[in-house]
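I opened the notebook to record what I looked up in this model, going from single contacts to whole elements. The entries follow the order in which I checked them.

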Amino acid sequence: MTIQQHGGDQMTTDAARALAEHSLLLDLVNSRLRYPDRVADELGDDAAASAWLIAHGGTGDPAEIADARAVRPLLVDVLRGERPVEELAPWVGAVTRRPALGPGGLEWHDDLDPGRRIGARAMLEWASLQGPEGSRIRPCAASDCQHFFIDTSRANTRQWHSMETCGNRAKARRHYARTRSA
């Protein structure tokens, strides 16, 4: 299965728009982080999960909570290359796109299966981040970081979710390694 959006040549515009909008996909995959002494999970309890989903344009009902909790670990693993993309098929299949004529001409409408609405929305966002140069959403390259980011650089070569933290640490480690071996 390949998740693609037609018009991949507009990736820079699509990626910028995805960042400008409140990104459900990015926030979802970054909503659970493990630390040595605790786990920070924005969907951990039902009240927090409901509030999180409402803030991201959902209803916060029990079906959405269950859907978000089910799709999140799969998305994380697929984006890290640890699971095959085919495992996301139920959420891709939960989207029906149909054309309609409107005042501005042809418009596309997405019908989402209510039981998989959050995952289906995440799939649509992911599709808009695909292009000829690859996916614009990826995990931070720092081995000790769990964050994902959307790369809006022209060359699609950004490595770290934060240059201030992960990028600087990686550069400092490389510098230290060079000076130790010299």
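**Serine 23 and its partner**

I began with a polar contact of 3.1 Å, which joins the side chains of serine 23 and glutamate 125; I keep in mind that the model is a predicted one. I located serine 23 in the loop between helix H1 (11-20) and H2, and I noted that serine 23 is buried, because its relative accessible area of 8% lies under the 20% cut-off.

**Helix H3**

I next asked which residues of helix H3 (residues 46-55) are buried. I found Ala49, Ser50, Trp52 and Leu53, and since these cover an arc of only 165 degrees around the axis, they lie on the same side of H3. On the other side of H3, I found Ala47 and Ala55 exposed. Following the buried residues of H3 outward, I saw that they pack against helix H2 (24-29), helix H4 (62-79) and helix H6 (117-128).

I then looked at both ends of the helix. At the start of H3, a side-chain oxygen of aspartate 45 comes to within 3.1 Å of the backbone nitrogen of alanine 47, while after H3 comes glycine 57, with a positive phi near 85 degrees.

**Salt bridges**

I counted 11 salt bridges in the structure and wrote down some of them. Arginine 117 is bridged to glutamate 64, with 2.7 Å between the closest N and O atoms. This pair links distant parts of the chain, arginine 117 being in helix H6 and glutamate 64 in helix H4, 53 residues apart. I asked whether each partner is buried or exposed: arginine 117 is partly exposed, at 23% relative accessible area, whereas glutamate 64 is buried, at 1% relative accessibility.

Arginine 83 forms a salt bridge with glutamate 87, where the closest N and O atoms are 3.4 Å apart; I recorded arginine 83 as partly exposed at 32%, and glutamate 87 as partly exposed at 34%. Elsewhere, salt bridges that share partners join Arg32, Asp41 and Arg72 into one network. Within that network, the side chains of aspartate 41 and arginine 32 meet at 3.6 Å, N to O, and I noted aspartate 41 as partly exposed at 27% and arginine 32 as partly exposed at 34%.

**Strands S3 and S4**

Last, I followed strand S3 (residues 95-102) and strand S4 (residues 105-112), which pair in the antiparallel sense over eight bridges. I noted that S3 and S4 form a hairpin with two residues between them, and that leucine 101 stands opposite leucine 106 in S4.

Methods
Residues are numbered from 1 along each chain as its sequence is written. This is a predicted model: local features need pLDDT of at least 70, side-chain atom pairs count only at pLDDT 80 or more; totals for chains, interfaces and linings use all residues. Side-chain values use heavy atoms; hydrogens and water are left out. Buried means under 20% relative accessible area, exposed over 50%, partly exposed in between (1.4 Å probe, protein chains only). Helices (H or I, at least four residues) and strands (E, at least two) are DSSP runs, numbered from the N terminus. The arc is that of the directions from the helix axis to the C-beta atoms. Contact means heavy atoms within 4.5 Å. A polar contact is a pair of N or O atoms within 3.5 Å; within protein, one must be able to donate a hydrogen and the other to accept it, and residues adjacent in sequence count only if both atoms are side-chain atoms. Two strands pair if DSSP finds at least two bridges between them. A salt bridge is a side-chain nitrogen of Lys or Arg within 4 Å of a carboxyl oxygen of Asp or Glu.
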